Each structure stands twice: as structure tokens, then as C-alpha cells.
Amino acid sequence: PGLVRLRNFLPEPVAWASLRTLEEIPPDTWNETSAKRSAARNNIRHRFSSKRFGVPFLEHLFRALGAAFPEEISSFSAGRYLRGDHIERHDDRAYTDVAMEDGSTVLCSRTVALIW
């Protein structure tokens with residue numbers, strides 16, 4: 001595990017269209033999430049907003065990003081931090097059960113995060 005920095009991962013027109021799309025999302029449609037530190041709930045102190053559904057361009061982009069990692073079960077979302085938002089230092093290894101089409105359940109954890 002580690003950090004890899006890739007320049008120009010997305011073609012420039014796609015990158016700029018993504019930024020424009022994110023900037024045009026109405027502020028009241030972002031999903032705010034926050035939590036206080038809690039070892040019992042495996043929470044770190046944070047507050048930020050995210051968007052996963054309801055914006056067709058982003059949904060297509062998330063599908064394309066998932067296709068870039070064919071061996072992974074992917075679930076992408078966009079996040080934004082406004083003035084006063086924050087997140088404590090963390091390892092991003094949140095675990096969650098994912099129900100598969102065959103009815104089985106697989107324990108998954110993030111292995112890829114994209115930051116712009």
C-alpha cells in the first residue's frame with residue numbers, strides 16, 4: 001500500500017468536463033457527512049460532502065473509472081471540502097460487506113482513491 005501520483009490520468013477534456021460538472025452541482029444536493037471520533041464505531045472526526053448519484057455525467061465517469069480497475073469491485077463517489085470541513089488523518093481502510101449477484105457476501109475495503 002502507498003501513494004502513487006499519476007499526472008493526466010484522465011484525458012484533459014474529460015478532466016475539465018468533470019470539474020465543470022462538479023462545480024455546477026447545486027449546493028443543496030450534496031450529501032453532508034460528519035462524525036466525531038469514536039473507537040467503538042471505528043469513526044474518525046470528519047465533515048465533508050459527497051455525491052454519488054443523480055448526475056448522469058458523473059455516473060458515467062464512475063463507471064469508466066471502475067472499468068480501469070477490472071479486478072476490483074468499485075464504488076466511486078465525488079467528495080468536496082468547503083471552508084470549515086475537515087477529516088482527521090486516517091488510512092482509508094474502511095471495511096464493508098458487499099452483496100454479490102450470486103447471493104454471496106464479500107468483505108471489501110478501499111484499495112483505490114482518486115484525488116484531484
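This section describes the fold, strand pairing, nonpolar core and selected residues of a single chain.

The structure is a predicted model, in which local features require pLDDT of at least 70 and side-chain atom pairs count only at pLDDT 80 or more, whereas totals for chains, interfaces and linings use all residues. Residues are numbered from 1 along each chain as its sequence is written, and side-chain values rest on heavy atoms, with hydrogens and water left out.

The chain contains two helices and six strands, where helices (H or I, at least four residues) and strands (E, at least two) are DSSP runs numbered from the N terminus. Read from the N terminus, the order of elements is α-β-β-α-β-β-β-β. Along the principal axes, the C-alpha atoms occupy a box of roughly 45 × 40 × 30 Å. Of the 116 residues, 21% are buried; here buried denotes under 20% relative accessible area, exposed over 50%, and partly exposed the range in between, with a 1.4 Å probe and protein chains only. The exposed area of the chain is about 9700 Å², of which carbon and sulfur atoms supply 52%. Accessible areas were obtained by the Shrake-Rupley method with a 1.4 Å probe, and for residues only the protein chains shown count as cover. Contacts are defined by heavy atoms within 4.5 Å. Among contacts in the chain with a separation of 6 or more, 50% involve residues 24 or more positions apart. The chain carries 16 positive and 15 negative charges, whose mean positions lie 8 Å apart. In this count Lys and Arg are positive and Asp and Glu negative, while His and the chain ends are not counted; each charge is placed at NZ of Lys, CZ of Arg, CG of Asp or CD of Glu.

Strand pairing was assigned where DSSP finds at least two bridges between two strands. Strand E2 (46-51) takes part in several such pairings. With strand E1 (residues 31-35), E2 forms an antiparallel pair over five bridges, in which Thr-33 stands opposite Phe-48 of E2. The pairing of E2 with E3 is also antiparallel and comprises three bridges; within this pair, Lys-51 faces Ala-78 of E3. E2 is further joined to E4 by two bridges, again in the antiparallel sense, with Arg-47 and His-86 of E4 as bridge partners. Strands E5 (residues 95-99) and E6 (residues 105-109) are antiparallel and share five bridges, and Ala-99 has Thr-105 in E6 as its bridge partner. E5 and E6 constitute a hairpin with five residues between them, and Gly-103 in the turn adopts a positive phi of about 95°.

Nonpolar side chains in soluble globular proteins tend to be buried together. A nonpolar core is taken here as a set of buried Ala, Val, Leu, Ile, Met, Phe, Trp, Tyr and Cys residues joined through side-chain atoms within 4.5 Å. The largest such core has nine residues, namely Ile-25, Trp-30, Val-55, Leu-58, Leu-61, Phe-62, Leu-65, Phe-76 and Ala-78. Helix H2 (residues 56-67) provides the largest share of this core, with four residues. When neighbours within four places in sequence are left aside, Trp-30 contacts Leu-22, Ile-25, Ser-49, Ser-50, Lys-51, Ala-78, Gly-79 and Arg-80.

Thr-21 is situated in helix H1 (residues 12-24). This residue counts as buried because its relative accessibility is 14%. Beyond residues up to four places away in sequence, Thr-21 touches Val-55, Phe-57 and Leu-58.

Several loop and terminal positions were also examined. Arg-52 is located in the loop between strand E2 and H2 and, with a relative accessibility of 36%, is therefore classed as partly exposed. Its contacts, not counting residues up to four places away in sequence, are with Glu-59, Phe-62, Ser-75, Phe-76 and Ser-77. Arg-52 and Val-14, 38 residues apart in sequence, have C-alpha atoms 18 Å apart. Leu-82 occupies the loop between strand E3 (78-80) and strand E4 (86-87), and its relative accessibility of 47% places Leu-82 in the partly exposed class. The C-alpha atoms of Leu-82 and Phe-48 are 7.2 Å apart, although these residues are separated by 34 residues in sequence. In the segment before H1 lies Asn-8, which counts as exposed because its relative accessibility is 73%. Asn-8 has a positive phi, near 55°, and is a residue other than glycine.
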